[in-house]
Amino acid sequence: MLRLQPFALKSPQSLTEAVELLSQQRGQAKILAGGTDLLPNLKHRIYGEVPMLVSLRRIAGLQRIERQGDELILGAGVKLAHLEKSELVRQAYPALALTFGEIASPQIRNMATLGGNLCLDTRCTYINQTEFWREALGGCLKALGDVCHVVPKGRNCVAAFSADSPIALIALEAEVDITGPHGERTLLLAELYNSNGVYHLNLQPGEIVVRVRVPIVPNRKLAFRKWSVRRAIDFPLVNVALRIDTTDSGEIVDAVAVVGVLGAKPRVLDSIEAICAGQTMSAELAEAIGDFVFSKCRPVPNVPYDHLYRRDMLRAQARRAALSLMPGQPLSVRD
Ligand SMILES: Cc1cc2nc3c(=O)[nH]c(=O)nc-3n(C[C@H](O)[C@H](O)[C@H](O)COP(=O)(O)OP(=O)(O)OC[C@H]3O[C@@H](n4cnc5c(N)ncnc54)[C@H](O)[C@@H]3O)c2cc1C
Ligand code: SF4
């Protein structure tokens with residue numbers, strides 16, 4: 001049985017108190033939300049010694065879902081299960097509600113929060129293992145070693161960002177509000193991530209993600225698709241979101257595709273607009289979108305399954321996402 005190491009647990013009642021506690025620990029403490037990612041990683045000793053966990057559970061105001069004007073406001077502490085069922089989310093973007101509903105399992109969605117999903121640690125075949133297993137290989141760049149087993153000559157950890165909801169939210173041009181020792185700031189969600197799998201979040205010590213703001217744009221449509229081996233409970237092995245903005249008659253005026261599970265940072269393909277602009281969605285265009293995503297993305301062997309097969313699956317999922325945006329087609333996140 002894997003045991004948790006000893007740590008102090010603090011449950012502040014305000015963001016100010018939480019930021020203060022985190023700042024005092026100078027980056028050594030960890031934020032605890034639902035714990036569905038953090039606790040397994042602590043059991044695997046991925047972060048070494050962690051003296052303190054700062055729980056966000058008692059902080060009022062992080063659990064809100066509301067619409068303010070043309071924005072959907074989603075608190076970082078909202079449970080994925082609530083987002084999946086939220087009428088406000090469903091009305092704004094039905095595919096976004098479906099995306100939340102296909103993350104992990106009902107039990108995990110009842111614990112896991114939006115903030116935790118946005119800040120999910122990167123994953124890799126060589127790191128999400130016991131310390132004993134990892135030691136046999138001499139560790140790696142992400143913990144206790146100086147080599148990457150995925151790209152042996154590489155100097156960068158290419159562990160995969162394997163969260164689903166940020167892929168859909170980035171496609172919708174969502175922003176994140178962050179609070180920290182130096183006050184509040186706002187980033188485009190896409191800017192929250194960098195390509196270093198050891199620490200892929202552009203957050204300073206003591207900073208906390210507070211909420212996500214999703215613009216509600218008329219004639220904006222979202223599709224999201226993921227592929228994993230076991231449908232009931234599994235991380236995605238590829239995922240892709242496609243967002244189009246159209247005229248009233250369905251002509252595409254703007255488009256973007258966002259792809260996850262490649263490296264540590266979601267890949268934003270805004271150049272897809274060039275093949276979509278001025279067209280209405282059709283089977284031919286969906287085929288071209290699948291081919292375009294395939295040509296731009298090369299998965300590496302950082303998560304299970306053959307990376308060349310994953311690339312083929314990505315093409316298929318991008319095409320299916322596009323097909324589901326044809327008028328009258330049902331939205332679906334998985335086969
Ligand atoms: C079996 C299994 C299957 C899974 N399948 C999927 C899947 O299909 N798709 C998917 O997307 N995810 C999947 N997950 C991951 C799970 O959905 C995420 O772990 C969950 O969203 C994390 O939320 P949490 O509240 O539990 O975060 P925690 O585990 O509490 O935290 C995760 C990380 O985020 C940080 N953090 C949390 N909140 C904040 C905040 N507000 N500001 C800054 N940092 C913060 C924590 O410090 C920690 O590093 C799976 C997990 C398991 C165990
Ligand atoms: S990508 Fe390389 S450095 Fe990163 S976790 Fe995997 S093996 Fe380690």
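**Exercise 1. In which order do the 5 strands of the open sheet lie, and what is the sense of their pairing?**

Step 1. Keep in mind as you work that this is a predicted model. Tracing the sheet across gives the order β4-β5-β8-β6-β7, with antiparallel pairing.

Step 2. Next, find the edges. These are β4 (65–68) and β7 (183–188), each of which pairs on one side only.

Step 3. Look at how neighbouring strands are turned: the average angle between them is 25°, ignoring direction.

Step 4. Now add the helix. Helix α1, residues 15–24, packs on the sheet and touches β6 (175–180) and β8. The direction of α1 makes about 130° with that of β8.

**Exercise 2. Work out how β8 pairs with β5 and β6, and how well β8 is covered.**

Step 1. Start with β5 (residues 71–75). This strand pairs with β8 (residues 208–215) in the antiparallel sense, over 5 bridges. Within that pairing, Leu 72 stands opposite Val 214 of β8.

Step 2. Turn to β6. Its pairing with β8 is antiparallel and runs over 5 bridges. Here Ile 178 has Val 209 in β8 as its bridge partner.

Step 3. Check the cover. Of the 8 residues in β8, 6 are buried, so the strand is mostly covered, where buried means under 20% relative accessible area.

Step 4. Finish with the charged side chains. A network of salt bridges links Glu 71, Glu 175, Asp 177, Arg 211 and Arg 213.

**Exercise 3. Pick three salt bridges and say which parts of the chain each one links.**

Step 1. A search of the whole structure finds 19 salt bridges. Among them is the one between Arg 109 and Glu 84, whose closest N and O atoms are 3.0 Å apart. Arg 109 belongs to helix α6 (residues 106–111) and Glu 84 to helix α3 (residues 80–85), so this pair ties together parts 25 residues apart in sequence. Arg 109 has a relative accessible area of 8%, which makes this residue buried.

Step 2. Take Glu 102 and Arg 334 next. Their salt bridge has its closest N and O atoms 3.0 Å apart. Glu 102 sits in the loop between α5 (94–101) and α6, while Arg 334 is in the segment after α12; the two are 232 residues apart. Both Glu 102 and Arg 334 are buried.

Step 3. Then try Glu 173 and Arg 220, where the closest N and O atoms of the salt bridge are 2.7 Å apart. Glu 173 lies in the loop between α9 (165–171) and β6, and Arg 220 in strand β9 (residues 220–227), a separation of 47 residues.

Step 4. Compare the two ends of that last pair. Glu 173 counts as partly exposed at 37% relative accessibility, whereas Arg 220 is buried at 8%.

**Exercise 4. Which residues form a nonpolar patch on the surface, and how exposed is Tyr 305?**

Step 1. Name the members: Val 229, Tyr 305 and Tyr 309. Together they have about 290 Å² of accessible area.

Step 2. Place Tyr 305 on the chain. This residue is in the loop between α11 (283–296) and α12 (307–323).

Step 3. Use the cut-offs. Tyr 305 has a relative accessible area of 45%. Buried means under 20% and exposed means over 50%, so Tyr 305 is classed as partly exposed.

How values were computed: Residues numbered from 1 in each chain as written. Chains lettered and ligands numbered in written order. Predicted model: local features only at pLDDT ≥ 70, side-chain atom pairs only at ≥ 80, totals over all residues. Heavy atoms only, no water. Patch = residues over 30% accessible without salt bridge, like charges linked within 9 Å, V, L, I, M, F, W, Y side chains within 5 Å. Areas by Shrake-Rupley, 256 points an atom, 1.4 Å probe, with all protein chains shown as cover. Salt bridge = Lys/Arg side-chain N within 4 Å of Asp/Glu carboxyl O. Helix = DSSP H or I, 4+ residues; strand = E, 2+ residues; numbered from the N terminus. Buried < 20%, exposed > 50% of the residue type's maximum accessible area, 1.4 Å probe, protein only. Pairing = 2+ DSSP bridges. Axes fitted to C-alpha atoms, helices over the stretch in contact; angles between N-to-C directions. Contact = heavy atoms within 4.5 Å.
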